[in-house]
Amino acid sequence: MANDPPAGAQAYVQIENVSKRFGDFIAVSNVSLTVERGEIFCLLGASGCGKTTLLRLLAGFETPSAGRLLIDGQDLADVPPYRRPVNMMFQSYALFPHMSVERNVAFGLEQEHLPAREIARRVGEILEIVRMTPYLARKPHQLSGGQRQRVALARALVKRPKLLLLDEPLGALDRKLREHTQFELINIQQQLGVTFIVVTHDQEEAMTLATRIGVMNHGEIVQVGTPRQIYEFPATRFVADFIGSVNLFEGRLVEDEPDYVRIQCADLPASVLVDHGISAPPDAALWVAVRPEKIGLTREQPAPADNWAHGVVREVAYLGELSVFLVRLDSGREVRATLANSSRKPEERFVRDTPVYLSWDASSPVVGSG
Amino acid sequence: MSARRVLLLPTILAFGFAFLYLPILSMIVFSFNASRLVTVWDAAHSPTLKWYGELFHNQQIIDAAVLSLKIAAMNATGATILGTMAGFALVRFGRFRGRALLAALTTAPLVLPEIITGLSLLLLFVAMEQLLGWPSSRGVTTITLAHISFSLSYVAVIVQSRLIGFDQSLEEAALDLGARPAKVFARITLPLIAPALLSGWLLSFTLSWDDVVISQFVAGPGASTLPMVIFSKVRLGVSPDVNALATLMVSIVAVGAVSAALLLQRRERRRERDLRLALADPGGG
């Protein structure tokens with residue numbers, strides 16, 4: 001795979017051919033992954049794709065049906081959850097309701113039988129980092145959602161784990177707070193240098209947090225890469241469709257050269273020219289994906305012979321900084337395009353029922369056969 | 001709303017309350033009656049506390065009350081332990097073999113006629129005495145065992161419903177933070193289900209405290225619980241001191257119930273205030 005960590009050094013977290021079956025249901029299917037020290041690795045997928053099961057396997061709440069898990073070279077096979085160098089932040093936060101913030105955070109250190117003074121010092125330190133010092137005497141039900149999230153984070157981090165697992169860490173927060181907390185989370189992670197594995201179904205969250213993303217579907221890892229790689233070069237049709245919105249066309253390969261390919265799509269009047277070669281047999285059935293923001297709208301027919309289409313604007317959604325256009329092509333297919341609202345001139349606006357030409361750059365389409 | 005309906009609701013309410021509480025009220029009133037005849041109100045010398053005084057000089061009643069308290073406490077403790085274990089088995093052990101049977105058997109005593117429970121326990125104790133030589137005679141031990149056998153069902157049901165609503169990620173979090181399973185149970189699970197255990201204990205206590213039928217079957221000579229004594233006294237004719245005794249029992253139950261309700265209410269109010277405080281906090285972000 002192109003996204004493997006640099007060769008040589010052994011990866012910090014190694015997941016080797018791990019599978020987990022519950023009866024007939026395969027939750028995790030032959031997953032292999034490596035995560036480097038200090039990374040924020042996001043497992044992204046729809047609910048039920050096996051991402052939480054993978055997290056629970058790492059935490060030790062489930063045992064793999066097959067495969068190996070290693071952290072820092074240590075095989076976790078016979079290590080019970082209470083001895084793993086791993087801590088988890090639960091989706092529900094799972095704060096102990098009968099203990100104060102301070103006692104919640106101290107709980108993990110008490111299990112290590114550290115001297116009381118050391119415990120107090122480390123609890124104070126971590127509460128300072130998550131800015132919860134003024135609330136240390138409160139019980140969890142006396143805290144707001146954002147405060148609970150920070151206590152849960154502090155409780156998991158105070159043990160100085162080699163690996164922190166976060167299950168939908170921002171899922172319970174409202175949108176505004178979520179954006180703020182994302183950056184705070186990255187900040188704290190960099191400050192402490194702990195390796196994070198984050199499970200989320202929210203692609204925006206994954207994009208913001210992650211150094212690398214692993215997209216999961218039906219228990220399998222479909223693609224691993226940086227947020228940019230995943231978005232710009234989706235490996236499969238599923239990834240292209242799952243991450244962001246995309247216009248997908250079915251087509252046939254008509255010309256295949258080392259530095260470009262030409263694809264004929266039934267829905268498009270012109271052929272699609274892509275500026276890089278692919279390895280596919282002639283006349284192969286392919287899919288072509290074009291992101292809405294990479295499509296331009298014009299009133300006049302664009303000059304090049306390739307990479308254009310013609311249609312009528314069906315819907316316009318004004319979103320402030322950008323507008324989303326739903327264009328019905330002459331073939332009847334609907335295509336989505338987004339434009340930045342950089343001009344205020346009314347004559348430059350595309351309103352409903354305007355006939356328009358759509359065009360895109362040869363570097364924009366992503367082609368695949370999967 | 002029509003005038004008729006305005007009147008209807010209070011009438012229904014009054015009738016309902018009368019139906020429920022008039023018998024108890026009359027019993028309380030007559031416990032202050034000076035007359036030896038229960039149904040005749042002696043206006044000249046009433047109200048009087050004389051029957052209450054007599055109660056405290058009646059050694060038989062005091063002994064029976066002490067015995068009843070002892071049995072009720074032992075029963076409540078035993079039933080809470082066993083019922084909790086049953087509740088855990090039913091909720092936590094997944095779909096083990098015989099789970100449906102265990103579920104049915106733990107809840108059966110809730111609906112089984114007391115006569116049947118009493119009779120079958122008596123037969124069991126007699127058979128055990130012959131085969132094992134234990135329990136050597138019927139008395140405190142057999143009454144307590146009999147009470148535990150039906151009270152534990154109630155505890156099991158209460159614990160079950162508490163465990164079904166229990167967020168298991170709390171236990172996982174404790175494990176994750178390095179606590180061994182036994183410690184997780186002691187520090188997390190037990191404190192959190194304590195209210196259920198307490199209410200199970202109190203319920204078992206009262207179930208045992210007022211049980212007559214089953215006790216009657218498995219009691220032996222010299223081991224009469226308070227309800228048994230009252231029952232036998234009433235059979236000879238209701239004497240006014242029984243009214244006084246019953247009034248005392250009702251007052252104790254009422255004080256307990258009311259203070260428990262107040263306690264709960266106060267805790268709920270404090271929780272609400274805390275919540276408001278948390279949400280209003282400007283630094284809450």
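This is a short dialogue about reading a predicted model with chains A and B.

User: Where do I start? What are the mean pLDDT values of chain A and chain B?

Analyst: Good place to begin, since this model is predicted. Where pLDDT is low, the predicted coordinates should not be read in detail. Chain A averages 90, with 97% of its residues scoring at least 70. For chain B the mean is 86, and 96% of the residues reach 70 or more. As for scores of the model, ipTM is 0.82 and pTM is 0.81.

User: Which part of chain A has pLDDT below 50?

Analyst: That's residues 1–8 of chain A. Leaving out near neighbours in sequence, this stretch has eight contacts in the model. Go easy on the details there, because low pLDDT means the coordinates shouldn't be read closely.

User: And in chain B, where is confidence lowest and where is it highest?

Analyst: Helix H11 (residues 240–280) of chain B is lowest, with a mean of 79. Helix H7 (residues 169–176) of chain B is highest, at 95.

User: Now the domains. How many residues of domain 1 of chain A are in contact with domain 2 of chain A?

Analyst: First find the two parts: the domain assignment of chain A gives domain 1 as 13–240 and domain 2 as 245–368. Their C-alpha centres lie 39 Å apart. Five residues of domain 1 of chain A are in contact with six residues of domain 2 of chain A. On the domain 1 side, that's three nonpolar, one polar and one charged.

User: What about the two chains? How many residues does each one give to the contact?

Analyst: People often give the size of an interface as the accessible area lost when the parts come together. Here we can count residues: 24 come from chain A and 24 from chain B. On the chain A side, the elements giving two or more residues are strand S6 (86–89), helix H2 (101–110) and helix H4 (145–157). By class, that side of chain A has twelve nonpolar, ten polar and two charged residues.

User: Let me try a single residue. Is B:Met228 buried or exposed?

Analyst: Count the neighbours around it. B:Met228 counts as buried because it has 20 C-beta neighbours inside 10 Å, and 20 or more is the cut-off for buried. You'll find B:Met228 in helix H10 (residues 226–235) of chain B.

User: Which residues does B:Met228 touch, beyond those up to four places away in sequence?

Analyst: They are B:Val212, B:Ser215, B:Gln216 and B:Ala219. Now try B:Arg187: it is 41 residues from B:Met228 along the chain, and their C-alpha atoms are separated by 42 Å.

Notes:
Residues are numbered from 1 along each chain as its sequence is written. Chains are lettered from A and ligands numbered from 1 in the order in which they are written. This is a predicted model: local features need pLDDT of at least 70, side-chain atom pairs count only at pLDDT 80 or more; totals for chains, interfaces and linings use all residues. Helices (H or I, at least four residues) and strands (E, at least two) are DSSP runs, numbered from the N terminus. A residue is buried if 20 or more other C-beta atoms lie within 10 Å of its own, exposed if 12 or fewer, and partly exposed in between; C-beta atoms are placed from the backbone. Two residues are in contact if their C-beta atoms, placed from the backbone, lie within 7 Å. Domain bounds come from an automatic or database domain assignment. Ala, Val, Leu, Ile, Met, Phe, Trp, Tyr, Cys and Pro count as nonpolar, Asp, Glu, Lys and Arg as charged, and the others, Gly among them, as polar. pLDDT is the predictor's confidence in each residue, from 0 to 100.
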